[in-house]
Amino acid sequence: AAYARTRRCVLTREQVLEIFDMKRLYDSTKLHALSVQLAKGYMVTSKTIRDIWNGRCWVKITSPHSARGSDCKSSSSPDTAFQSASKTVQSTHASQQRVVNSYERAAV
């Protein structure tokens, strides 16, 4: 059971692209707080989130995506983007918690 609690989840391609796009929706002065919030929701470290944003990991997935440049920018306000990010994180966290719980039940 202890292993299941410490195991980190692997991100899917779709999750990486969601994380990558979140950076574009926020003021650069608020990115650290966003990386911490996303990290909790996706059950990874905030460094992993920043590495995705800065092209240090998942580059094969994000580089074609980043080529779209400013066309990907959302016209929504930062508040709307924050609410959207919060819902995404909560939904992802709930799904991942169900997986962790199933591992814990299987280990017992």
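A residue is called buried when its relative accessible area is under 20%, exposed when that value is over 50%, and partly exposed in between. This vocabulary will serve throughout the tour. The model on display is predicted.

**The whole chain**

Begin with the entire protein chain in a cartoon view. Its secondary structure consists of six helices and zero strands, so that a reading along the sequence gives the pattern α-α-α-α-α-α. The chain has 108 residues, of which 32% count as buried. Switch to a surface view next: the accessible surface comes to about 6,900 Å², and carbon and sulfur atoms account for 53% of this area. Among contacts between residues at least 6 apart in sequence, 74% join residues at least 24 apart.

**First stop: Ser35**

Select Ser35, which is placed in helix H3. Is this residue buried or exposed? Ser35 counts as buried because its relative accessibility is 0%, and the cut-off for that class is under 20%. Now display its surroundings. Leaving out residues up to four places away in sequence, Ser35 touches Ser46, Ile49, Arg50 and Trp53.

Add Lys47, a residue of helix H4. The C-alpha atoms of Lys47 and Ser35 are separated by 7.7 Å, and the two residues lie twelve residues apart along the chain. Lys47 is partly exposed, because its relative accessible area is 46%.

**Second stop: where H3 meets H4**

Select helix H3 (31-42) and helix H4 (46-53) together. The axes of H3 and H4 come within 8 Å and cross at roughly 115°. The crossing in which H3 passes H4 is right-handed. Which residues make this contact? From H3 they are Leu31, His32, Leu34, Ser35, Val36, Leu38 and Ala39, and from H4 they are Ser46, Ile49, Arg50 and Trp53. By class, the residues of this contact comprise seven nonpolar, three polar and one charged.

Move next to Met43, in the loop between H3 and H4. Its phi is near 60°, a positive value in a residue other than glycine. With a relative accessible area of 22%, Met43 is partly exposed.

**Third stop: the nonpolar core**

In soluble globular proteins, nonpolar side chains tend to be buried together. To see the corresponding region here, show the side chains of Leu11, Ile19, Leu34, Leu38, Ile49 and Trp53. These residues touch the most other members of the largest nonpolar core, which has 17 residues. Helix H2 (13-22), helix H3 and helix H4 each supply at least two residues of this core.

Center the view on Leu11. What does Leu11 touch, apart from residues up to four places away in sequence? The list is Val16, Ile19, Tyr42, Val44, Thr48, Ile52 and Trp58.

From Leu11, proceed to Val16, whose place is in helix H2. Val16 counts as buried because its relative accessibility is 0%. Apart from its neighbours within four places in sequence, Val16 is in contact with Leu11, Ile52, Trp58, Ile61 and Thr62.

**Fourth stop: Trp58**

Trp58 appears in the contact lists of both Leu11 and Val16. Select Trp58 in the loop between H4 and helix H5 (59-66). Although 42 residues separate Val16 and Trp58 along the chain, their C-alpha atoms are separated by 7.5 Å. Phi of Trp58 is near 60°, which is a positive value in a residue other than glycine. Trp58 counts as partly exposed, because its relative accessibility is 30%.

**Last stop: H4 and its end**

Return to H4 and color its buried residues, which are Ile49, Asp51, Ile52 and Trp53. Two of these have already been met: Ile49 and Trp53 belong to the contact with H3.

Select Asp51, in helix H4. Why does Asp51 count as buried? Its relative accessibility is 11%, and the class requires a value under 20%. Setting aside neighbours within four places in sequence, Asp51 is in contact with Arg56 and Cys57.

Finally, select Gly55, just after H4. Gly55 takes a positive phi of about 75°.

Notes. Residues are numbered from 1 along each chain as its sequence is written. This is a predicted model: local features need pLDDT of at least 70, side-chain atom pairs count only at pLDDT 80 or more; totals for chains, interfaces and linings use all residues. Side-chain values use heavy atoms; hydrogens and water are left out. A nonpolar core is a set of buried Ala, Val, Leu, Ile, Met, Phe, Trp, Tyr and Cys residues joined through side-chain atoms within 4.5 Å. Buried means under 20% relative accessible area, exposed over 50%, partly exposed in between (1.4 Å probe, protein chains only). Helices (H or I, at least four residues) and strands (E, at least two) are DSSP runs, numbered from the N terminus. Contact means heavy atoms within 4.5 Å. Axes are lines fitted to C-alpha atoms, for helices over the stretch in contact, and angles run from 0 to 180 degrees between N-to-C directions. A crossing is left-handed if the near helix is turned anticlockwise from the far one by less than a right angle, and right-handed if clockwise. Ala, Val, Leu, Ile, Met, Phe, Trp, Tyr, Cys and Pro count as nonpolar, Asp, Glu, Lys and Arg as charged, and the others, Gly among them, as polar. Accessible areas come from the Shrake-Rupley method with a 1.4 Å probe; for residues, only the protein chains shown count as cover.
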